[in-house]
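Please look through the sequence and the model below before reading on. The paragraphs that follow take up a pocket and some helix packings.

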Amino acid sequence: MIRTCRALADAGHSVHLVGGAVRDLVRGAPGLVPESLEWDMATSATPEKVMDLFPRTVPTGVKHGTVTVIAPGGRTIEVTTYRGEGGYTDGRHPDSVRFVSDIEADLARRDFTINAMALDPGSGALLDPYGGRTDLDAGVLRAVGDPQERFNEDGLRPLRAARFAAVLGLDPASGLVQAMAAATGVFARVSAERKRDEILKMMGASRPSRGLRMLEQAGYVRLLFPGLEKTVGVKQGGWHEHDVWDHTLLCVDNCPAADPRLRVAALMHDAGKPATAQADEGEARTRFHGHEKVGARMAEAWLADLRFRREDQEWICRVVRHHVVMYTPAWTGAAVRRFINRVGEKTVGAVLTLAMADVRAQGRSGHLVPLAEELGRRVREEIIGGAALSIGDLVVNGDDVMVHLGIPPGPEVGRILSRLLDEVLDDPAKNTRDVLLALASRLHGGPEEG
C-alpha cells in the first residue's frame, strides 16, 4: 500500500486513502491491524496514467475511474480517480462521471459522513470536511448533505444505512429514517443479489436488531420479506414478554454472529405466527399451532426472491421448520435419536442453537434454558457415540438388500431400508449385518435368512 502511494506521489499525483479502512482506523476498531485492512485509494491520476504507472493492473471500472493495482505479493488495491457524478437515472449508477483534481469534491459525492473522510498517506493528516469523526464519536449515522438526495441517487443506500447502523452501533441522525421511507421506489430497482449481500453483512453485526428496526420503521421489511411486518404488535402472552417482532429481534441478536445464515433463520422463525394466531382465553395467551411450517414456506419464497444459494435456502428453511422443540427429560434415547433423524444431523446443531436463542428471547422462560442445554448434551452424546441416525449409517445398503432378497431396484428397497432404520433408532444393537438382513427378509415376506 505504501509503495503504491509513493509511486503515485513520485509521479506528481495527489493521492489519499479512503473508504472503510479509514473509517475503521479513525474509530479504533477492536483488534485492528492496519496492515490487514483493505485499503482503497483516491488520486488525481486518470485511469490511463494509473495503468501506465504500474506493471500489473486490471481495468475494473475504467469508465467510472477505477483501476485495480496488483501489488507485489498479489495484494490488490483499488485506485479511483477523484470524480464528481451526474444524475442517477437507474437509481444505482451515475449517468456520467467527471474527473476532478480536488479530493474534497470527490468526498462530496459519498453517502455518509463516516465514509467521507480521507487520509493523507504522506503526512498522516485526516481530511474530514463533513464531520465523520465527530459523528463516529457521537455514535450517529448522518448523510453527506441532504439525505433525501443521497437515497434517491442510489437505491441501495437505505439498506447500507441500516447495515452501518448495526455493524458500527450507530443511531440514525434526525430525519434519516424519514428520508429512507421516502426512497422505497428507488430501492425497488436494486438487484436481489445486492440486497441479499447487504442483509448478510448486517447479520454479522453484534446487534443486527439496530438495522432491522430501522428497516421496519422506514417500511423496508415489507419490501424485503412481505408479511414479516405483520409480526409487529402481535401479542403472545404466556412465557413471552414481548410481541412477535420484538421477540424476533432479540432472538436474532442472541444467535452467534459467526453464521449469518442462522441469524437469517432467526429473523424468519416466527414469521408464520400472525397467520396462525388463536387466542387461548383460559391461559391468557395466544397459540400459534403450525407456525413453524407456515414460516418455512414464507422463508422459502423470500430466500428464492433474494437469490440465496439453493443449499442455503434449504438449510435455513429446514432450521425454521424444526425450530419448535418440545423436549422433556422423559425422552428416551430412541426419542433423542429420532429427533436427530427428523431434524437432520447437519442442521440439528443450528436448530438447538436457535431454540436456545428463542428461549432466552421470551423473557419469562429462564426455567427452559437448562432443558435446552440438557437436550444439546444428549444430542452430542448420540452423535459422538456413533449412533446410526440415518439410512446411510446402516451397515447394509440398498445393494445388500437387493442381493439378499433377489429383488430389483424400486420403492420396495427404500421402504425396507426405512423400516430397518426405524428398528435401529429404537435399538442401536440391531445395526449388524446378520440382524438387519434377517429383518429385511421378514419385512419382505420371504424366508428369514442369516
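The text below turns to the pocket and then to three pairs of helices.

This is a predicted model, in which local features need pLDDT of at least 70 and side-chain atom pairs count only at pLDDT 80 or more, while totals for chains, interfaces and linings use all residues. Residues are numbered from 1 along each chain as its sequence is written, and side-chain values use heavy atoms, with hydrogens and water left out.

The second largest pocket holds about 780 Å³ of space. A pocket here is an open set of points on a 1 Å grid over the protein atoms alone, where a 1.4 Å probe fits and protein lies on both sides within 12 Å along at least five of seven lines, and lining residues have an atom within 4 Å of a point. Of the 30 residues that line this pocket, Trp239, Val324, Val325, Met326 and Gln362 are the closest to its centre. Two or more lining residues come from each of strand E13 (285-287), helix H16 (291-305), helix H19 (348-360) and helix H20 (369-384), and H19 gives the most, with 4 residues. The lining of the second largest pocket divides into 13 nonpolar, 11 polar and 6 charged residues.

Helix H16, which contributes to that lining, also packs against helix H17 (residues 310-321), the two axes coming within 8 Å and crossing at roughly 160°. H16 and H17 are therefore roughly antiparallel to each other, a term that applies to angles over 145 degrees, and their crossing is right-handed. On the H16 side the contact (heavy atoms within 4.5 Å) is made by Glu292, Gly295, Ala296, Ala299, Glu300, Leu303 and Ala304, and on the H17 side by Arg310, Gln313, Ile316, Cys317, Val320 and Arg321. By class, the contact of H16 with H17 has 7 nonpolar, 2 polar and 4 charged residues.

Further along the chain, helix H23 (residues 433-444) packs with helix H21 (residues 398-405) at an angle of about 60°, their axes lying 10 Å apart. That angle makes H21 oblique to H23, where oblique covers angles that are not under 35, over 145 or 65 to 115 degrees. The contact is made by Asp400, His404 and Leu405 of H21 together with Arg433, Leu437, Ala440, Ser441 and His444 of H23, and these residues divide into 3 nonpolar, 3 polar and 2 charged.

H23 also packs with helix H22 (residues 411-426), at an angle of about 125° and with the axes 10 Å apart, and H22 and H23 are therefore oblique to each other. Their crossing is right-handed. H22 brings Glu412, Arg415, Ile416, Arg419, Leu420, Glu423 and Val424 to the contact, which they make with Leu436, Leu439, Ala440, Leu443 and His444 of H23. The contact of H22 with H23 has 7 nonpolar, 1 polar and 4 charged residues.

Technical notes. Grid points are joined across faces, edges and corners, and a volume is the space filled by probe spheres set on the points. Ala, Val, Leu, Ile, Met, Phe, Trp, Tyr, Cys and Pro count as nonpolar, Asp, Glu, Lys and Arg as charged, and the others, Gly among them, as polar. Axes are lines fitted to C-alpha atoms, for helices over the stretch in contact, and angles run from 0 to 180 degrees between N-to-C directions. A crossing is left-handed if the near helix is turned anticlockwise from the far one by less than a right angle, and right-handed if clockwise.
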